[in-house]
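Q: Please take a close look at one part of this structure and then work outward to what surrounds it. I would like one connected account, with the cut-offs behind each term.

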Amino acid sequence: MKGHVFNRLTTAIAPTTNIKSSHKPSNNITETHIISLIHSSNSTKQLRQIHAQIILHNLFASSRITTQLISSASLHKSIDYALSIFDHFTPKNLHIFNVLIRGLAENSHFQSCISHFVFMLRLSVRPNRLTYPFVSKSVASLSLLSLGRGLHCLIVKSGVEYDAFVRVHLADMYVQLGKTRGAFKVFDETPEKNKSESVLLWNVLINGCSKIGYLRKAVELFGMMPKKNVASWVSLIDGFMRKGDLKKAGELFEQMPEKGVVSWTAMINGFSQNGEAEKALAMFFQMLDAGVRANDFTVVSALSACAKVGALEAGVRVHNYISCNDFGLKGAIGTALVDMYAKCGNIEAASLVFGETKEKDLLTWTAMIWGLAIHGRYEQAIQYFKKMMYSGTEPDGTVFLAILTACWYSGQVKLALNFFDSMRFDYFIEPSVKHHTVVVNLLSRVGQDSQGYQNSQNSFTKLLQLKPKHPSSYVLLSNIYAAEGRWKDVARVRTLMQRRSIKKDPGWSYIEVNGHVHRFEAGGHKLAKEIHSKLEDIMAGAREQGYMPGTEWVLHNIKEEKEEALGCHSEKLALAFGLIQTTPGTTIKIVKKLTICGDCHSLMKYASKISQREIVLRDTRFHYFKDGTCSCRDYW
């Protein structure tokens, strides 16, 4: 029906003249009819066709029509078009300003939103209760505390400070600005009658307290609420998830009178963010079994959990759910699918999904480039980087990190340094600790006698200045010293870590067997006896083939302790478990939270040859072990 209507419209584009006319509107097409067409449009192209009809029928002086045009253009994310319509309409009134300010704020054009608010005041157009909430959102998004306080004063002078809509957004502005005390002041000054009627105001305070970890106050407010809604429960659940109190979050979830998709998603995302991907996936499928339909955020959270632990089978199940329920490959879902397939080892599927994803944004490009990087395909990563640039997408620090990583894994030192310099000098992006870490890793391989060694030492200094409390910087330095047998330097680094109370992250490994994810830490599992027995068999067979434990990879200098420590590494336990639990010929897929050590890397090569199996291990990159060799060619 829509297509039939729009096929009757001319494709002429509105002229760039002021939308003001003394002509009487044509009687053939009414204002109401035009507004109805605007509401039914589904693209900017159709809006332009309608705009042409407005010009042809002398309806361009109608404030109602222009307001609806700007609103629809904003909904279609055509902000430049919305601004053009606004610029050519005179005289500008409250309704025109309000619809533009809202559109700018909702499309994250926060600076422009504030500028047009100032323009509004200069034209002596008085704001109302529909103006301030979107200006306050923009102020908070840009962290403009002084302007926020000024806006608060203006709201009071305007006499709308007790309006429920304005008050909720004012409190939320203070929360987003990190000034919870200001939010409480707004709350405390709210008349009791308004408080009892505004669940949103209570939710804003609970959410604010939860975000800063002030959970005792959040729980107190939650208990005092006259009435609660789903957002009330979810805000508190999110707070406990942020704190890492998964048990309390789970108890709240069970207490909820009704569990909808939003509450399920809060739990799934919370588990995933707290390193409990297995629980996140179990909860996702439990939700589906309960008959609750997932939304975009739910499937993105589930796919993220799959990516973290390499759960390809679970990821395929989620993908099938997406396809069968007509979600479509767009935006965050397309990006999450690309990321999942890449990190679960199927880069071909990632590439296929990328090609089918509509409306690729920077995150989509980054996911694909990063996937190619961790699979050791630096040439393709660079090709995609160039395609991204040709598409008009501006790079950021994250996509530069991906392309630097691609160069690192392929040993392309000069190319990496060129990208590093381009990031700083062409795009004015300040390198983060992660950028410096990649450069340090790359340069440390050049050798002590080269200029690269001196550069790596300089980068180490910069790294420790940027993040003096970050454990990865110290671990990286310790590993390099240990590999060179510089035990005094290793001890010095370890002492420095102890003095600064810096602890190394635990080295977990994951393996998916028959659709279930199993996690291993150094030392413990319910099948520990069988696993260690199998591991002893693997190591005995490897020794017969020439394997010698690489004790230089253990960060202490006692031979017996070294060999014992090597046998407990989580990736070896996962390998043994995979060989026990799967049939001969099945590919073993392991995800390692930290970088694999040289000894485990060596053993994996021998194990692939002895078992006649392909072993795929992902740490910061993918290693494909087959017939005694690794795809990384011992460069990682």
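A: Two bridges join β5 to strand β6 (residues 629-630), and these two strands run antiparallel. Strands (E, at least two residues) and helices (H or I, at least four) are DSSP runs numbered from the N terminus, and two strands count as paired if DSSP finds at least two bridges between them. This is a predicted model, in which local features need pLDDT of at least 70 and side-chain atom pairs count only at pLDDT 80 or more, while totals for chains, interfaces and linings use all residues. Residues are numbered from 1 along each chain as its sequence is written, and side-chain values use heavy atoms, with hydrogens and water left out.

Within the pairing of β5 and β6, Lys-626 has Thr-629 in β6 as its bridge partner. The hairpin between these strands has 2 residues, and Asp-627 there takes a positive phi near 50°. On the other side of β5, 4 bridges join it to strand β4 (residues 615-618), again in an antiparallel arrangement. Here Ile-615 has Phe-625 of β5 as its bridge partner, and the hairpin that connects β4 to β5 passes through 3 residues. Strand β4 is in turn joined by 4 bridges to strand β3 (residues 588-592), but these two run parallel, with Val-591 standing opposite Arg-618 in β4.

Taken together, 6 strands form an open sheet of mixed pairing, in the order β2-β1-β3-β4-β5-β6. Because β2 (516-520) and β6 stand at the edges with a single partner strand each, one side of each is left without a neighbour in the sheet. In a regular strand, side chains alternate between the two faces of the sheet.

From β5 the picture extends to the helices. The buried residues of α23 pack against β5 (622-626), and also against α21 (331-343), α22 (347-356), α24 (378-390) and α25 (397-409), where contact means heavy atoms within 4.5 Å. Helix α23 (residues 362-374) has 13 residues and reaches 18 Å from its first C-alpha to its last, close to the 18 Å expected at 1.5 Å a residue; the expected span is 1.5 Å times one less than the number of residues. Of these 13 residues, 11 are buried, so α23 is largely enclosed by the rest of the structure. Buried here means under 20% relative accessible area, with exposed being over 50% and partly exposed in between, for a 1.4 Å probe and protein chains only. Among the buried residues of α23 are Trp-365, Met-368, Ile-369 and Leu-372. At the N-terminal end, Asp-361 caps the helix, with a side-chain oxygen 3.1 Å from the backbone nitrogen of Leu-363; a polar contact is a pair of N or O atoms within 3.5 Å, and within protein one must be able to donate a hydrogen and the other to accept it, while residues adjacent in sequence count only if both atoms are side-chain atoms. Following α23 comes Gly-376, whose phi is positive, near 75°.

Helix α21 also involves β5, since what covers its buried residues includes β5 together with α19 (296-309), α20 (312-324), α22 and α23. It has 13 residues and reaches 19 Å from its first C-alpha to its last, close to the expected 18 Å. Its buried residues include Ile-333, Leu-337, Val-338, Met-340 and Tyr-341, and α21 is followed by Gly-345, which has a positive phi near 100°.

Both helices lead to the nonpolar interior. A nonpolar core is a set of buried Ala, Val, Leu, Ile, Met, Phe, Trp, Tyr and Cys residues joined through side-chain atoms within 4.5 Å. The largest such core has 155 residues, and those with the most contacts inside it are Ile-237, Phe-284, Val-299, Val-318, Leu-337 and Ile-369. Helix α25 provides the largest share of this core, 10 residues. Domain 1 (259-359) and domain 2 (508-630) both give residues to this core, so it lies between them; the domain bounds come from an automatic or database domain assignment. Apart from this core lies another, of 29 residues, among them Phe-520, Phe-577, Leu-579 and Cys-600.
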